[in-house]
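Biologist: I'd like to learn how to read a protein model. Could you walk me through one, step by step?

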Amino acid sequence: MALEITDGNFEETVLKSDKPVLVDFWAEWCGPCRMVGPVVEEMAGEYEGKAVIGKVNVDENPGVAGKFGIRSIPTLLVIKNGEVVDKQVGAASKEALSSKLDAQL
């Protein structure tokens, strides 16, 4: 299951991670987010132990969303060593997201 990432645990969970992190910025009212959600959950199981997969609800965690300039959702960031190394704005296939993450493993 994807981790719930919040303003409070973002630094520890994402920026200080020794593994690549895929962060899904989403909201409950967002249709495309609901399409991407199951893909992110599936990837969380497949990448367990190799990468961190998490979700940030932008309505509940405006600090992190603001820090990264998230203006459209879903936005998925791949973060490695505390730096954004790849970005996907809008819904994307599992294959597209996996290839972005695989490139950082």
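Here we go through the overall layout, the cores, a helix and a hairpin.

Modeller: Keep in mind that this is a predicted model.

Biologist: Okay. Which helices and strands does the chain have, and in what order do the elements run?

Modeller: Start by counting. The protein chain has 4 helices and 5 strands, and from the N terminus the order is β-α-β-α-β-α-β-β-α. Its radius of gyration is 12 Å, close to the 13 Å that the globule rule gives for 105 residues, so the chain is as compact as a globular protein of that length. The C-alpha atoms fit a box of roughly 30 × 25 × 20 Å along the principal axes.

Biologist: And how much of the chain is buried?

Modeller: Buried means under 20% relative accessible area. By that cut-off, 49% of the 105 residues count as buried.

Biologist: Which residues have the most contacts inside the largest nonpolar core?

Modeller: That core has 19 residues, and the best-connected ones inside it are Phe10, Val14, Val23, Phe25 and Ile73. Two or more residues each come from α1 (10-15), β2 (21-26), β3 (52-57), α3 (62-67) and β4 (75-80). The largest share, 4 residues, belongs to β2. Apart from this core there's another, with 15 residues, including Met43, Ala51, Ala92 and Leu101.

Biologist: Let's zoom in on one residue. What is Val23 in contact with, beyond its neighbours within four places in sequence?

Modeller: Quite a list: Ile5, Phe10, Val14, Gly54, Val56, Thr75, Leu76, Leu77 and Ile79. Zooming back out, look at contacts in the chain with a separation of 6 or more: 69% of them are between residues 24 or more positions apart.

Biologist: Now a helix. Which residues of α4 are buried?

Modeller: First the general idea: an α-helix has 3.6 residues a turn, so residues three or four places apart point the same way. Now the case here: in α4 (residues 94-102), the buried ones are Lys94, Leu97, Ser98, Lys100 and Leu101. They span an arc of only 160° around the axis, which puts them on the same side of α4.

Biologist: What covers those buried residues of α4?

Modeller: The cover includes β2, α2 (31-46), β3, β4 and β5 (83-89).

Biologist: Last one: how do β4 and β5 run, and how many bridges join them?

Modeller: They run antiparallel, joined by 6 bridges. One example is Ile79, whose bridge partner in β5 is Val84. The two strands form a hairpin with 2 residues between them, and Asn81 in the turn has a positive phi of about 55°.

Notes:
Residues are numbered from 1 along each chain as its sequence is written. This is a predicted model: local features need pLDDT of at least 70, side-chain atom pairs count only at pLDDT 80 or more; totals for chains, interfaces and linings use all residues. Side-chain values use heavy atoms; hydrogens and water are left out. A nonpolar core is a set of buried Ala, Val, Leu, Ile, Met, Phe, Trp, Tyr and Cys residues joined through side-chain atoms within 4.5 Å. Buried means under 20% relative accessible area, exposed over 50%, partly exposed in between (1.4 Å probe, protein chains only). Contact means heavy atoms within 4.5 Å. The arc is that of the directions from the helix axis to the C-beta atoms. Two strands pair if DSSP finds at least two bridges between them. The radius of gyration is taken over C-alpha atoms; the globule rule is 2.2 Å times the number of residues to the power 0.38.
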